[in-house]
Amino acid sequence: MKEISLTGIKPTGDLHIGNYFGAIKPALELAKTYDARYFIADYHALNTMKDPAELNTTIRQVAAGWLAAGLDPEQVIFYRQSSVPEVFELTTMLMAFTAKGLMNRAHAYKAMVQDNTEKGNDPDAGVNMGLFTYPILMAADIILFDSDIVPVGKDQVQHIEMAADIAQSVNANYGKPVLKIPRAGVQDDSAIVPGLDGRKMSKSYNNTIPLFVPEKTLRKTIMRVVTNSQGVEEPKDPDSSQIFLLYKLFASAEEQAALASRYRAGGMGWGEAKEELFRAANRELTPMRERYDAIMADIPALDKILAQGAEKARPIAAATVTRFRKAAGVQ
Ligand code: TRP
């Protein structure tokens with residue numbers, strides 16, 4: 001039997017190529033060898049997003065983005081977290097096995113407390129219980145589907161370790177393997193995509209290249225990649241060039257070698273290097289953009305795909321909850 005890979009996708013609008021190369025592509029690659037279950041974490045998003053129209057749109061955009069990038073809903077169970085209510089029952093049960101101190105140590109919560117303290121605010125200002133217990137809901141997401149491996153970025157590793165801890169407490173208490181113990185599949189650093197300014201590409205730095213913008217906007221954005229002041233004639237070092245690092249993501253080995261030697265030879269200005277980057281990026285992104293636009297033009301069909309995913313997910317979820325209920329003596 002194949003191992004099970006599961007990941008939660010936070011609904012954030014405007015997916016960018018950092019998301020694509022750092023998270024989406026590796027997760028889709030895993031879906032080839034694992035039994036994959038991927039979901040839109042809409043209840044996690046509710047902790048911070050209180051505008052219904054915005055949340056609704058972002059959920060659709062992110063779902064369409066993953067489908068456009070190649071997620072095959074026949075092969076992967078793809079659903080909305082909120083369509084599988086068993087996750088909330090499991091969350092409640094897991095709470096009984098989660099020390100409050102463990103939540104106090106969660107990085108995201110600690111960072112907020114520290115920030116509040118530095119500003120002289122109440123330590124818990126702006127912290128709702130959803131944020132505080134976020135790692136328990138996340139543990140339930142994972143444990144509910146008997147996940148073996150959870151592909152995540154480094155910032156999420158602590159959450160997976162907490163999920164494993166909580167599942168272990170349950171198993172230790174009942175003296176049998178009621179719940180599967182998950183492990184993190186950490187995406188390595190080479191997957192970190194540089195942004196327009198050379199820092200890690202991130203929405204919070206406002207340095208992203210969006211995935212699904214029209215060709216013209218893509219070109220304009222690429223022209224904004226920061227370069228040094230070397231003139232056209234000067235030989236240039238490809239390995240320290242943001243443009244080249246980005247180019248590598250889209251180009252074949254031969255194309256990379258060819259552009260590298262043009263860099264070293266001199267006579268090629270940054271403008272031309274950017275054109276090369278735009279051509280390579282646009283070649284890969286055009287079919288994805290077309291699929292994305294088609295999916296977003298038919299929301300009922302998109303919702304149906306997610307509903308069908310939830311139908312496949314619920315019996316698996318119900319089986320885990322029943323197993324736990326029986327072990328716990330609550331039915
Ligand atoms: N916390 C994850 C993030 O911020 C999203 C997430 C929610 C998740 N539930 C999950 C990831 C379960 C993996 C498994 O990106």
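Helices α12 and α13 are roughly antiparallel to each other, since their axes cross at roughly 170° and angles over 145 degrees count as roughly antiparallel. This arrangement belongs to a predicted model. Helix α12 spans residues 253-265. Its axis and that of α13 come within 11 Å. From α12, the contact draws on Glu255, Leu259, Arg262 and Tyr263. From α13, Trp270, Glu272, Ala273, Glu276 and Arg283 take part. By class, this contact holds 4 nonpolar and 5 charged residues, with no polar ones.

Helix α13, residues 270-296, also packs with helix α1, residues 17-30. Here the angle is about 80°, and the axes lie 13 Å apart. Angles of 65 to 115 degrees count as roughly perpendicular, so α1 is roughly perpendicular to α13. On the α1 side, Ile17, Tyr20, Phe21 and Lys25 make the contact. On the α13 side, Glu284, Leu285 and Met288 do so. The contact of α1 with α13 comprises 5 nonpolar and 2 charged residues, and no polar ones.

The ligand site was examined next. There are 14 residues around the ligand. Gly8, Lys10, Tyr134, Asp141 and Gln156 come nearest. In terms of class, the shell around the ligand contains 8 nonpolar, 4 polar and 2 charged residues.

Three side chains place polar atoms by ligand nitrogen. For tyrosine 134, an N or O atom of the side chain is 2.7 Å from a nitrogen atom of the ligand. For glutamine 156, a polar side-chain atom lies 2.9 Å from a ligand nitrogen. For histidine 44, the distance from an N or O atom of the side chain to a nitrogen atom of the ligand is 3.4 Å. On its own, the ligand has 370 Å² of accessible area, and the protein covers 90% of this.

Three elements give two or more residues each to the shell around the ligand: β1 (4-9), α8 (134-144) and β4 (149-152). The largest share comes from α8, with 4 residues.

Note on methods
Residues numbered from 1 in each chain as written. Predicted model: local features only at pLDDT ≥ 70, side-chain atom pairs only at ≥ 80, totals over all residues. Heavy atoms only, no water. Near = heavy atom within 4 Å. Polar contact = N/O pair within 3.5 Å; in protein donor to acceptor, adjacent residues only side chain to side chain. Areas by Shrake-Rupley, 256 points an atom, 1.4 Å probe, with all protein chains shown as cover. Nonpolar A, V, L, I, M, F, W, Y, C, P; charged D, E, K, R; others polar. Axes fitted to C-alpha atoms, helices over the stretch in contact; angles between N-to-C directions. Parallel < 35°, antiparallel > 145°, perpendicular 65-115°, else oblique. Contact = heavy atoms within 4.5 Å.
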